[in-house]
Amino acid sequence: MMKFGIVGVLNTAIDMLLFFTLWSVGVPYLLAQVLSYSAGTLNSFVWNRSWTFKVSGRIHIEEITKFLLLNVIALCMSTFLLSLLSGQPLFISKTIATLSGLSVTFFGSRFWVFRQQRRKSI
């Protein structure tokens with residue numbers, strides 16, 4: 001859980017930094033959300049796979065498909081919340097939207113995405 005938290009903080013930093021950078025140069029906030037979340041997701045896959053859940057060997061199509069599906073669900077949740085909270089200050093809306101997917105991505109990664117891949121690949 002501690003490693004997942006550290007990776008999560010890094011993912012959130014990447015997401016927030018890129019989101020507000022894109023938004024500050026005129027990118028619409030929902031597009032900025034998709035792009036910044038995607039950057040955090042890529043970072044998440046690399047570090048959670050190799051460090052948090054210690055999966056070694058080749059990346060299997062099932063593993064990447066599950067990971068992407070899980071993160072698309074979390075992205076949809078966070079984007080919906082960001083849109084729903086659009087009347088609030090953007091930093092507060094973005095923070096709530098970002099935190100919304102945390103438990104979904106942790107439990108989904110731990111018990112669904114990387115669970116079966118913990119065995120050694122051939």
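**Figure 1. Aromatic pairs, and the pair of Phe4 with Phe53, in the predicted model.** Two rings of Phe, Tyr or Trp, the last taken by its six-membered ring, form an aromatic pair if their centres lie within 6.5 Å, and a pair counts as stacked when the planes are under 30 degrees apart, as edge-to-face when they are over 60 degrees apart, and as tilted otherwise. By this criterion the structure, which is a predicted model, holds 8 aromatic pairs. One of them joins Phe4 to Phe53, with 6.4 Å from centre to centre and 50° between the planes, and this pair is tilted. The pair links distant parts of the chain, as Phe4 belongs to helix H1 (residues 2-24) and Phe53 to the loop between helix H2 (29-52) and helix H3 (61-84), 49 residues apart. Both Phe4 and Phe53 are buried. Ring pairs also link these two residues with Phe106, Phe107 and Phe111 into a cluster.

**Figure 2. The largest nonpolar core and another core apart from it.** The largest nonpolar core comprises 9 residues, namely Phe4, Phe45, Phe53, Val55, Phe67, Leu70, Phe106, Val113 and Phe114. Two or more residues of this core come from each of H3 and helix H5 (102-113). Another core, of 7 residues, lies apart from the largest one, and Leu22, Ala32, Leu82 and Leu90 are among its members.

**Figure 3. Helix H5 and what covers its buried residues.** In H5 the buried residues are Thr105, Phe106, Gly108, Ser109 and Val113, and H1, H2 and H3 are included in what covers them. Of these buried residues, Phe106 and Val113 belong to the largest nonpolar core, while Phe106 also takes part in the cluster of ring pairs that includes Phe4 and Phe53.

**Figure 4. The largest pocket and its lining.** The largest pocket holds about 420 Å³ of space and has a lining of 26 residues, of which Gly8, Asn11, Thr12, Thr98 and Thr105 lie nearest the centre of the pocket. The elements that contribute two or more residues each to this lining are H1, H2, H3, helix H4 (90-100) and H5, and H1 gives the most, with 8 residues. Thr105, one of the residues nearest the pocket centre, is also one of the buried residues of H5.

**Figure 5. Asp15 in helix H1 and the charged end of Lys94 over a ring.** Asp15 is placed in helix H1, and because its relative accessibility is 5%, where buried means under 20%, this residue counts as buried. Once neighbours within four places in sequence are left aside, Asp15 is in contact with Gln33, Ser36, Tyr37, Lys94 and Thr98. The C-alpha atoms of Asp15 and Ile92, which are 77 residues apart along the chain, are separated by 14 Å. Lys94, one of the contacts of Asp15, has its charged end over the ring of Phe19, at 4.7 Å from the ring centre.

**Figure 6. Gly40 in helix H2 and Lys54 in the loop that follows.** Gly40 lies in helix H2 and is buried, with a relative accessible area of 5%. When neighbours within four places in sequence are left aside, Gly40 is in contact with Asn11 and Ile14; Asn11 is also among the residues nearest the centre of the largest pocket. Between the C-alpha atoms of Gly40 and Ile59, 19 residues apart along the chain, the separation is 19 Å. Lys54, in the loop between H2 and H3, has a positive phi of about 50° although it is not a glycine. Because the relative accessible area of Lys54 is 53%, where exposed means over 50%, this residue is exposed.

**Figure 7. Met1 before helix H1 and Val72 in helix H3.** Met1 lies in the segment before H1 and is exposed, with a relative accessible area of 70%. Although Met1 and Thr105 are 104 residues apart along the chain, their C-alpha atoms are separated by 12 Å. Val72, in helix H3, counts as partly exposed at 43% relative accessibility. Val72 and Gly57 are 15 residues apart in sequence, and the distance between them, C-alpha to C-alpha, is 25 Å.

How values were computed: Residues numbered from 1 in each chain as written. Predicted model: local features only at pLDDT ≥ 70, side-chain atom pairs only at ≥ 80, totals over all residues. Heavy atoms only, no water. Helix = DSSP H or I, 4+ residues; strand = E, 2+ residues; numbered from the N terminus. Buried < 20%, exposed > 50% of the residue type's maximum accessible area, 1.4 Å probe, protein only. Lys NZ or Arg CZ within 6 Å of the ring centre and 35° of its normal. Core = buried A, V, L, I, M, F, W, Y, C linked by side-chain atoms within 4.5 Å. Contact = heavy atoms within 4.5 Å. 1 Å grid on protein atoms, 1.4 Å probe; cavity = no way out; pocket = protein on both sides within 12 Å on 5 of 7 lines; lining within 4 Å. Points joined across faces, edges and corners; volume = space filled by probe spheres on them.
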